[in-house]
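Reader: I should like to understand how the descriptive terms applied to this model are justified. Please set each value against its criterion.

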Amino acid sequence: MSPAFSAWVCIFAPLVGMVLTPALAKMSPKIRDYGAVFFAFVAAFAALNLLPLLFHPQALPIEHAVPWLVFPIEISFGVLIDPLSIIVVNVVAVISAIIMVYCIGYMKGDPAQTRFWMWMNAFIGSMVLLVLSNNLLFLFIGWKLVGVCSYGLIGFYYKDERKYWIGGPAPNAFVTPSSACVKALVVTGVGDMLMLGGILIMYYYSGTLNVRELYETSVIWIPQIAASPGMIILLSLLLIAGPMGKSAQFPFHEWLPEAMAGPGPVSALIHAATMVKSGVYLVARLLPIFYYGYWVAGAEEAMAFFHVVAWIGAFTA
């Protein structure tokens, strides 16, 4: 199995599982359950197939893309396989597959189990898309889909039965699953929209959304941004707003405690292992751009990105 093919399988296997789950449910509940887990394991196997490349760094990076949009701008839909994406996609896919196995027993007998499996596989596919995308547009699409899936999983018990409330005891307030999922969607969505603004600024100056092209040309366009005082600081704040929301950094931390209103495995998957790590991944993905801008191009203001990340992390901690 070629690395590019493995990467595509890793993205689409869970999404296919999501689509097929209702059909499998009509056959039997057991086929549905094991079928949903099977597609998660296909993604994990495909991710593990990429691990040997870490021992052959001369073969990296590998990029494979197909044209998606030609006019008015040219954008491709592709995968980028490098040490960062290999490590993170294995964390996501392997841990997700293990959690899916646990869900078989945990969710047994739940009348909405088909919906649960659909949301879980959709989340895994969206998270892998975020990690493996070769450009910021599809990274952002995966980013938003992850938020939508977390909304569906946090609010899984949307009928708000008393036993699913969290918080309290009186006189402290109780929180229902339906309000918890809306809060998560809105708070993280604010960070997402700010991040989109940062991505658009980057595109305005660089003329590309391709990750490798952003790296290679950063010594040209980062100094152009630095020519406008305060612009790199603004760009840094906008770009970091997305990770601040997804990783529950101050001041976007309020959604995380109430997100425990979903089923237990949802917290294990989203709030312990994967989605809250997406912010860490994005910071690591963007870091070379500002590294080249500061240490190669000599744009002093590019250091602002590192200061913003450090202070937000320190204050949140």
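Author: Buried means under 20% relative accessible area, exposed means over 50%, and partly exposed covers the range in between. The model is a predicted one. Lys-183 has a relative accessible area of 26%, so Lys-183 is partly exposed.

Reader: What makes the pairing of Glu-258 with Lys-183 a salt bridge?

Author: The criterion is a side-chain nitrogen of Lys or Arg within 4 Å of a carboxyl oxygen of Asp or Glu. The closest N and O atoms of Glu-258 and Lys-183 are 3.2 Å apart, which satisfies the criterion. Glu-258 belongs to helix α9 and Lys-183 to helix α6, so the pair ties together parts that are 75 residues apart in sequence.

Reader: How do you know that Glu-254 also forms a salt bridge with Lys-183, and which parts of the chain does that pair link?

Author: For Glu-254 and Lys-183 the closest N and O atoms are 3.8 Å apart, a value within 4 Å. The pair links distant parts of the chain, with Glu-254 in the loop between α8 and α9 and Lys-183 in helix α6, 71 residues apart. Glu-254 has a relative accessible area of 42% and is therefore partly exposed.

Reader: Why is the pair of Asp-82 and Arg-285 called a salt bridge, and are these residues buried or exposed?

Author: The side chains of Asp-82 and Arg-285 meet at 2.7 Å, N to O, which is within 4 Å. Asp-82 lies in the loop between β2 (75-81) and α3, and Arg-285 lies in helix α11, so the pair ties together parts that are 203 residues apart in sequence. Asp-82, at 11% relative accessible area, is under 20% and therefore buried. Arg-285, at 2%, is likewise buried. The structure holds 7 salt bridges, and Lys-144, Asp-192 and Lys-246 are linked in a network of them.

Reader: Why are α2 and α4 called roughly parallel?

Author: Angles under 35 degrees count as roughly parallel. The axes of helix α2 (residues 29-48) and helix α4 (residues 113-132) cross at roughly 5° and come within 10 Å. The two helices are therefore roughly parallel to each other. The contact is made by Arg-32, Asp-33, Ala-36, Val-37, Phe-39 and Ala-40 of α2, together with Gln-113, Thr-114, Trp-117, Asn-121 and Ile-124 of α4.

Reader: How do you know that Pro-14 is buried, and which residues does Pro-14 contact?

Author: The relative accessible area of Pro-14 is 0%, and this is under 20%, so Pro-14 is buried. Pro-14 lies in helix α1 (residues 3-27). Leaving aside neighbours within four places in sequence, its contacts are Val-9, Phe-39, Ala-43, Asn-121, Ile-124 and Gly-125. Pro-14 and Val-42 are 28 residues apart in sequence, with their C-alpha atoms 8.0 Å apart.

Reader: Why is helix α10 described as largely enclosed?

Author: In helix α10 (residues 264-273), 7 of the 10 residues are buried, so the helix is largely enclosed by the rest of the structure. The buried residues are Pro-265, Val-266, Ser-267, Leu-269, Ile-270, His-271 and Ala-273. These residues pack against α3 (83-106), α4, α5, α9 and α11 (275-296).

Reader: What makes the backbone at Asp-160 and Ala-248 worth reporting?

Author: Most residues other than glycine have a negative phi, and most peptide bonds are trans. Asp-160 has a positive phi of about 60°, and Ala-248 has a positive phi near 55°. Asp-160, in the loop between α5 and β3, is partly exposed because its relative accessible area is 22%. Ala-248, in the loop between α8 and α9, is buried because its relative accessibility is 8%.

Reader: Which peptide bonds are cis?

Author: A cis bond joins Ala-170 and Pro-171, with omega about 15°. The bond from Phe-250 to Pro-251 is also cis, with omega near 5°. Pro-171 is in the loop between β3 (166-167) and β4 (174-175), whereas Pro-251 is in the loop between α8 (231-246) and α9 (255-258).

Conventions: Residues are numbered from 1 along each chain as its sequence is written. This is a predicted model: local features need pLDDT of at least 70, side-chain atom pairs count only at pLDDT 80 or more; totals for chains, interfaces and linings use all residues. Side-chain values use heavy atoms; hydrogens and water are left out. Axes are lines fitted to C-alpha atoms, for helices over the stretch in contact, and angles run from 0 to 180 degrees between N-to-C directions. Helices (H or I, at least four residues) and strands (E, at least two) are DSSP runs, numbered from the N terminus. Angles under 35 degrees count as roughly parallel, over 145 as roughly antiparallel, 65 to 115 as roughly perpendicular and the rest as oblique. Contact means heavy atoms within 4.5 Å. Buried means under 20% relative accessible area, exposed over 50%, partly exposed in between (1.4 Å probe, protein chains only).
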